[in-house]
Amino acid sequence: MNTQRAATAPSRAASPLATGAVRSGPDHGLRPPAGGNGPAVAALVLGVTGLLTSVVFIGGLLGVLGLVLGIVALGAGRRTGVGRGKAVAGLVTSCIAIVLSVLMAVFLVWYANSTQQCYQPDGFRQYTQCVHEQLTGE
């Protein structure tokens, strides 16, 4: 008697560990696999670096890059739910860096215009005295 059995695999649902979830915490609850939002991290780093360098105008350029990456990261964060906080922080720090760079540029233009007569001093003491006179109106 020739009986052939069809080889069929038992039907099982995929276990959570097979889908990439990992165990976490003492109760070993499952959490989704860790994924990053690279543009969000880059936006945050550029925003903070832009804040630190906004005095020398490089911060404005870094802030613009951080702003663009922050907007991209927000879009990715809406789709994946990952990195939204970093994206917002990157946007905020980038905007502040841009504003500080613009304010610094305005201040330097104002200062240069106010002290234009003091650019040919004979010494540093004469220069500081001229600047003081120009700024205080004495």
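Select Cys95 to begin the tour: in this predicted model, Cys95 is partly exposed, with a relative accessible area of 36%. That value places Cys95 in the intermediate class, because buried means under 20% and exposed means over 50%.

Next, select Cys118 and Cys130. A disulfide joins these two residues, with an S to S distance of 1.9 Å, and the structure holds one such link. The pair connects distant parts of the chain, twelve residues apart: Cys118 lies in the loop between helix H3 (84–114) and helix H4 (124–136), while Cys130 belongs to helix H4. Set a dihedral about the S-S bond and the value is -80°, a left-handed link. Both Cys118 and Cys130 are buried.

Now move to the largest nonpolar core. Select Ala40, Ala73, Leu74, Ala87 and Leu91, the five residues that form this core. Helix H2 (58–80) and helix H3 each supply at least two of its residues. Centre the view on Ala87 and display its contacts: leaving aside residues up to four places away in sequence, Ala87 touches Ala40, Gly70, Ala73 and Leu74.

Finally, show the whole chain as a cartoon. The protein has four helices and two strands, and, read from the N terminus, the elements follow the order β-β-α-α-α-α. Colouring by burial brings out the buried residues, which make up 21% of the 138 residues. In a contact map restricted to residues at least 6 apart in sequence, 55% of the contacts join residues at least 24 apart. With the surface switched on, the protein exposes about 9900 Å², of which carbon and sulfur atoms supply 65%.

Key: Residues are numbered from 1 along each chain as its sequence is written. This is a predicted model: local features need pLDDT of at least 70, side-chain atom pairs count only at pLDDT 80 or more; totals for chains, interfaces and linings use all residues. Side-chain values use heavy atoms; hydrogens and water are left out. A disulfide is a pair of cysteine sulfur atoms within 2.5 Å. Buried means under 20% relative accessible area, exposed over 50%, partly exposed in between (1.4 Å probe, protein chains only). A nonpolar core is a set of buried Ala, Val, Leu, Ile, Met, Phe, Trp, Tyr and Cys residues joined through side-chain atoms within 4.5 Å. Contact means heavy atoms within 4.5 Å. Accessible areas come from the Shrake-Rupley method with a 1.4 Å probe; for residues, only the protein chains shown count as cover.
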